[in-house]
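Work through the exercises below with the model open. Each task is followed by a stepwise solution.

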Amino acid sequence: MAKIKLYDYQQKMLADIIAVFSQKRHGVFYDKKGKRVASNNSVMVQMPTGTGKTVVMAAVVQWFLSNHDGDVWIVAHRRELVEQAERTVARFLENFRMKKQASRVKVLSVQWLGRHVKQLESK
């Protein structure tokens with residue numbers, strides 16, 4: 001398998017996203033030791049078609065799994081995007097020898113969430 005390498009503009013986008021998530025305000029994350037770490041909880045990324053948004057998202061997932069406890073949910077509105085995200089994240093985590101971490105990532109459709117929200121609320 002070919003090594004995944006981010007382009008310079010993708011690396012900059014990743015660094016910008018990590019910088020926002022690393023700020024000490026809003027939202028809550030936990031570090032590897034279970035210590036509560038405050039952070040922002042929303043980021044919007046805008047990139048042109050074909051520039052690797054899914055790859056950047058997979059890099060963010062890899063960073064999060066390496067630095068925080070908890071699960072990652074990726075929600076998409078089309079089956080094709082769910083499948084693309086599943087493949088890209090799996091490939092990215094495998095590339096970084098983090099296959100075991102993949103169980104912490106769930107890729108879901110908006111439609112699935114709409115049908116199963118009651119199940120999720122009861123957990």
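Helices (H or I, at least four residues) and strands (E, at least two) are DSSP runs, numbered from the N terminus. The model is predicted: local features need pLDDT of at least 70, side-chain atom pairs count only at pLDDT 80 or more, and totals for chains, interfaces and linings use all residues. Residues are numbered from 1 along each chain as its sequence is written, and side-chain values use heavy atoms, with hydrogens and water left out.

**Exercise 1. Place T51 and list its partners.**

Step 1: locate the residue. T51 sits in the loop between β2 (36-38) and α2.

Step 2: classify its exposure. Buried means under 20% relative accessible area, exposed over 50%, partly exposed in between (1.4 Å probe, protein chains only). T51 has a relative accessible area of 17%, so it is buried.

Step 3: find its contacts, meaning heavy atoms within 4.5 Å. Leaving aside neighbours within four places in sequence, T51 is in contact with Y9 and Q10. T51 and Q10 lie 41 residues apart in sequence, yet their C-alpha atoms are 8.1 Å apart.

Step 4: check polar contacts. A polar contact is a pair of N or O atoms within 3.5 Å; within protein, one must be able to donate a hydrogen and the other to accept it, and residues adjacent in sequence count only if both atoms are side-chain atoms. The T51 side chain reaches the backbone oxygen of P48 at 2.6 Å.

**Exercise 2. Summarise the whole chain.**

Step 1: count the elements. The protein chain has four helices and four strands. From the N terminus on, they run α-β-β-α-β-α-β-α.

Step 2: take the totals. Of the 123 residues, 35% count as buried. The accessible surface (Shrake-Rupley method, 1.4 Å probe; for residues, only the protein chains shown count as cover) comes to about 8,700 Å². Carbon and sulfur atoms hold 54% of that surface.

Step 3: check the contact range. Take contacts between residues at least 6 apart in sequence: 63% of these join residues at least 24 apart.

**Exercise 3. Trace the chain from β3 to β4.**

Step 1: sort the faces of β3. In a regular strand the side chains alternate between the two faces of the sheet. Strand β3 (residues 72-76) has V72, I74 and A76 on its covered face, and W73 and V75 on the uncovered one.

Step 2: pair the strands. Two strands pair if DSSP finds at least two bridges between them. Five bridges join β3 to β4 (residues 105-109), and the two run parallel. A76 stands opposite S109 in β4.

Step 3: follow the connection. The chain crosses from β3 through helix α3 (residues 79-95) to β4, and this β-α-β crossover is right-handed. Right-handed means that, with the strands pointing away from the viewer, the path from the first strand over the helix to the second runs clockwise.

Step 4: check the cover on β4. Four of its five residues are buried.

**Exercise 4. Which residues does A85 contact, leaving aside its neighbours within four places in sequence? Treat T88 likewise.**

Step 1: take A85, found in helix α3. A85 counts as buried because its relative accessibility is 4%. Its partners are T54, M57, I74 and V107. The C-alpha atoms of A85 and V55, 30 residues apart along the chain, are separated by 8.5 Å.

Step 2: take T88, also found in helix α3. T88 is buried, with a relative accessible area of 17%. With the neighbours within four places left aside, T88 is in contact with T54, V55 and A58. Its side chain reaches the backbone oxygen of Q84 at 2.9 Å.

**Exercise 5. Describe the largest nonpolar core.**

Step 1: apply the definition. A nonpolar core is a set of buried Ala, Val, Leu, Ile, Met, Phe, Trp, Tyr and Cys residues joined through side-chain atoms within 4.5 Å.

Step 2: find the hubs. Of the 26 residues in the largest core, V61, L65, V72, I74, V89 and V105 touch the most other members.

Step 3: assign the elements. Those giving two or more residues to this core are α1 (8-22), α2 (53-67), β3, α3 and β4. α2 gives the most, with eight residues.

Step 4: inspect one hub. Not counting residues up to four places away in sequence, V105 touches V61, L65, V72, I74, V89 and L93.
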